[in-house]
Amino acid sequence: MIDQRELIWGIIAPPLLMVAGMLLTAWWPAGRRFLPTGALLALVFGICHLGFRGWVAPGGDVQNWPAWIAFAGGLLTCGASAGGLTWRVAIRLALTTLAVWLLLKPQLPAGDLPQAILWVGGLAVLWSAVIMAWERVHAASTAGVSAVTLTTLAALSAVSLVLFNCITHGQFAGILTAAATAALVLMWWRPTWYASAGMVTLSAVILPMLWLLGNRYADLPTWALPVLAVGGMAPLITAIAPARRWSDLQRLALVTVVVVLLVSPVLAWGVITSLRAAAESGSGY
């Protein structure tokens, strides 16, 4: 049963706030410098996450951190492509290191600093690599293909998390999906209102964060994380020679199908897992 808070902040508010923010920055051009599309998405996700959680303060339960990590990612999107490669890698690595430490702090081995550093550092490097890879792949694609990929992957992530009994994390992914869908719709109406670079960076911060939470605190299998991450690389398919001659609509359909196919092993195993669990009494599904 969805309560009123979940209905408002998980379903209604994300698209409305995203549309309002994009309209505001469209009519106030100077605002785009301080609130590009990616930063706006971070703000909407963070506000809706806090509303969904009951306006909790940072700290305590690790489920309280996604909003604040998203806010930090929003600051990153303001200069998503700025600076040299060394600076870009360093700032992303700093963000992911802090995020991993905050999210996994309750599970880090007590009294074993080297192992804790290995866990945090290893995951931060992998997460940063995902961010950089997505940014590179999407930069070589069109805004439409990029937006469809991110929105589809966010929706499939929400479904996958729910199937693996990560209902809360799936709802968080639903917030991102609703806001990204609103941005996608407005992009078709006014393409200049949509800045794809920041959206890619912010999505590469939020989605892996939710996958990591689903893996460490619920039932999302570890092998599903790289599979989902590869789904964000789907725009590569539009670079093949035959696809270059296709119409925009055909390429959008192609990338949507590719994202679904790439993520399908996670979805299929999620369905099997949920059906098995549903057959057991007291499974919680």
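At what angle do the axes of α10 and helix α12 (residues 248-278) cross, and within what distance do they come? The legends below address this packing and two further views of the predicted model.

**Figure 1. Packing of α10 against α12 in the predicted model.** The two helix axes cross at roughly 170 degrees and come within 8 Å. Because angles over 145 degrees count as roughly antiparallel, α10 is described as roughly antiparallel to α12. On the α10 side, the contact is made by Ala224, Val227, Leu228, Val230 and Gly231; α12 contributes Val259, Leu262, Val263 and Val266. By residue class, this contact comprises 8 nonpolar residues and 1 polar residue, with no charged residue.

**Figure 2. The largest pocket and its lining.** The volume of the largest pocket is about 370 Å³. Its lining consists of 15 residues, of which Leu123, Leu126, Leu212, Leu225 and Pro226 are the closest to the pocket centre. At least two lining residues are supplied by each of α6 (113-139), α9 (196-217) and α10 (224-231). The lining divides into 12 nonpolar, 2 polar and 1 charged residues.

**Figure 3. Surroundings of His169 in helix α8.** His169 is found in α8, which spans residues 167-189. The residue has a relative accessible area of 4% and is therefore classed as buried, the cut-off being under 20%. Leaving aside residues up to four places away in sequence, His169 touches Gln63, Leu161, Leu210, Leu213, Gly214 and Ala218.

Notes
Residues are numbered from 1 along each chain as its sequence is written. This is a predicted model: local features need pLDDT of at least 70, side-chain atom pairs count only at pLDDT 80 or more; totals for chains, interfaces and linings use all residues. Side-chain values use heavy atoms; hydrogens and water are left out. On a 1 Å grid over the protein atoms alone, a cavity is a set of points where a 1.4 Å probe fits but cannot get out, and a pocket is an open set with protein on both sides within 12 Å along at least five of seven lines; lining residues have an atom within 4 Å of a point. Grid points are joined across faces, edges and corners, and a volume is the space filled by probe spheres set on the points. Helices (H or I, at least four residues) and strands (E, at least two) are DSSP runs, numbered from the N terminus. Ala, Val, Leu, Ile, Met, Phe, Trp, Tyr, Cys and Pro count as nonpolar, Asp, Glu, Lys and Arg as charged, and the others, Gly among them, as polar. Buried means under 20% relative accessible area, exposed over 50%, partly exposed in between (1.4 Å probe, protein chains only). Contact means heavy atoms within 4.5 Å. Axes are lines fitted to C-alpha atoms, for helices over the stretch in contact, and angles run from 0 to 180 degrees between N-to-C directions. Angles under 35 degrees count as roughly parallel, over 145 as roughly antiparallel, 65 to 115 as roughly perpendicular and the rest as oblique.
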